[in-house]
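User: Could you take me through this model with a few questions and careful answers?

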Amino acid sequence: MRIGVSLPENLLNKFDEIIQQRGYSSRSEGVRDAIRNYIVNFEWMNDIDGERVGVITIVYDHSQKGLEDNLTEIQHDFGSTIKSSLHVHLSQNTCLEVVVLRGNGEDVRKTAERMMALKGAKHVKLTTTSIGKEL
Ligand code: NI
């Protein structure tokens, strides 16, 4: 199937740089690989259950209207799961927030998914581990 996608120029330039560095033969091959990774990550996130500890890192543009309010709202909604957070001002407009969670895997996942959906969030990454009992 052929699809058409609109992308900001800087995002496409960065993507082209990476597929060149990685030696992909075409942009389409790079897009297919990126979509596969996206699906694998989605499936991995859906498998998170039981008691978990997790870390979310989010890099965002703080000049994006409404983003910080929405980010704060999410953190209040999951206030009992979120144990700590750390904010670092990376540049004039870019902020990094690191959120540490502990609780039901589903709540950890939902927190990350809501942050991923924020307009202006440039990068959101979730890592989780078990709380160690079964290790
Ligand atoms: Ni900041």
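The questions below go from the helix packing to the surface.

Analyst: This is a predicted model, in which local features need pLDDT of at least 70, side-chain atom pairs count only at pLDDT 80 or more, and totals for chains, interfaces and linings use all residues. Residues are numbered from 1 along each chain as its sequence is written, and side-chain values use heavy atoms, with hydrogens and water left out.

User: How is helix 3 oriented relative to helix 4: roughly parallel or roughly antiparallel?

Analyst: Helix 3 (residues 67-77) packs on helix 4 (residues 105-116) with the axes 10 Å apart and an angle of about 170°, where axes are lines fitted to C-alpha atoms over the stretch in contact and angles run from 0 to 180 degrees between N-to-C directions. Angles over 145 degrees count as roughly antiparallel. Therefore helix 3 and helix 4 are roughly antiparallel.

User: Which residues of helix 4 make the contact with helix 3?

Analyst: Contact means heavy atoms within 4.5 Å. On the helix 3 side the contact is made by Leu71, Glu73, Ile74, Gln75 and Asp77, and on the helix 4 side by Thr111, Arg114 and Met115.

User: Is Val5 buried or exposed?

Analyst: Val5 lies in the segment before helix 1 (9-22), and joins Ile3, Leu7 and Leu11 in a nonpolar surface patch of about 420 Å². Buried means under 20% relative accessible area, exposed over 50%, and partly exposed in between (1.4 Å probe, protein chains only). Because its relative accessibility is 59%, Val5 counts as exposed.

How values were computed. Patches are made of residues with over 30% relative accessible area and no salt bridge: like charges are joined within 9 Å, nonpolar side chains (Val, Leu, Ile, Met, Phe, Trp, Tyr) within 5 Å. Accessible areas come from the Shrake-Rupley method with a 1.4 Å probe; for residues, only the protein chains shown count as cover. A salt bridge is a side-chain nitrogen of Lys or Arg within 4 Å of a carboxyl oxygen of Asp or Glu. Helices (H or I, at least four residues) and strands (E, at least two) are DSSP runs, numbered from the N terminus. Angles under 35 degrees count as roughly parallel, over 145 as roughly antiparallel, 65 to 115 as roughly perpendicular and the rest as oblique.
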